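Me: I'm new to this one and would like to learn how to read its pockets. Can you walk me through it?

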Amino acid sequence: MNDLTKVYFMIMDILMVEDDNSIVSGKAILSDLKNFALNYMLQITPSYLKKALVCLQSAYPIRIKGLYCCYAPTVFEKVFNFMKGLMPEKIRNRMFLYGENNSDKVYKHLPKSLLLKDDGGDNGSIADIT
């Protein structure tokens, strides 16, 4: 889990340096939790989660426009609700969790044209990018 978090923050660093729009307009974060295994969940301790969230909301000048977690397993809902409780109300109102049965509701917030075909959108696929 530490490696996953490091990669995420490395991407945020690159966006800050190379994309002024990410700082000015903010970012919507989409997490596909289709294959999120239980052993990952066991690595997320409350202190680890708190440190990552403090870093995200206080150390980076990027505005979070929305956090959307799709295809979330039912066990992830408890972690998500705990994480939501650690965030300020403004960000808490921008956090959405969609289970395996209702992940298509994310289209209310993010247009299909922005999402990859792998996620049910109209914009290429991971195979095209790699």
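**Reading the pockets**

Reply: Happy to. Keep in mind that this is a predicted model. Start with the kinds of residue on the wall: the lining of the largest pocket divides into 32 nonpolar, 2 polar and 3 charged residues.

Me: What is the volume of the largest pocket?

Reply: The volume comes out at about 1300 Å³. Among the 37 residues lining that pocket, Tyr8, Ile29, Leu30, Ser31 and Leu67 are the closest to its centre.

Me: And which element gives the most to the lining of the largest pocket?

Reply: That's α1, with 8 residues. Two or more lining residues also come from each of β1 (27–32), α4 (46–59), β2 (64–72) and α5 (76–86).

Me: Now the second largest pocket: which elements give two or more residues to its lining?

Reply: Here the second largest pocket, with a volume of about 170 Å³, draws two or more lining residues from each of α4, β2 and α6 (89–92). Its lining includes Leu56, Tyr60, Lys65 and Arg94. By kind, the lining splits into 5 nonpolar, 1 polar and 4 charged residues.

Me: Let's try a single residue. Is Ser125 buried or exposed?

Reply: Look at relative accessibility, where buried means under 20%. Ser125 has 14%, so it counts as buried. You'll find Ser125 in the loop between β3 (95–99) and α7 (126–129).

Me: Which residues does Ser125 touch, leaving out those up to four places away in sequence?

Reply: Ser125 touches Leu116, Lys117 and Asp118.

Conventions
Residues are numbered from 1 along each chain as its sequence is written. This is a predicted model: local features need pLDDT of at least 70, side-chain atom pairs count only at pLDDT 80 or more; totals for chains, interfaces and linings use all residues. Side-chain values use heavy atoms; hydrogens and water are left out. Helices (H or I, at least four residues) and strands (E, at least two) are DSSP runs, numbered from the N terminus. Buried means under 20% relative accessible area, exposed over 50%, partly exposed in between (1.4 Å probe, protein chains only). Contact means heavy atoms within 4.5 Å. On a 1 Å grid over the protein atoms alone, a cavity is a set of points where a 1.4 Å probe fits but cannot get out, and a pocket is an open set with protein on both sides within 12 Å along at least five of seven lines; lining residues have an atom within 4 Å of a point. Grid points are joined across faces, edges and corners, and a volume is the space filled by probe spheres set on the points. Ala, Val, Leu, Ile, Met, Phe, Trp, Tyr, Cys and Pro count as nonpolar, Asp, Glu, Lys and Arg as charged, and the others, Gly among them, as polar.
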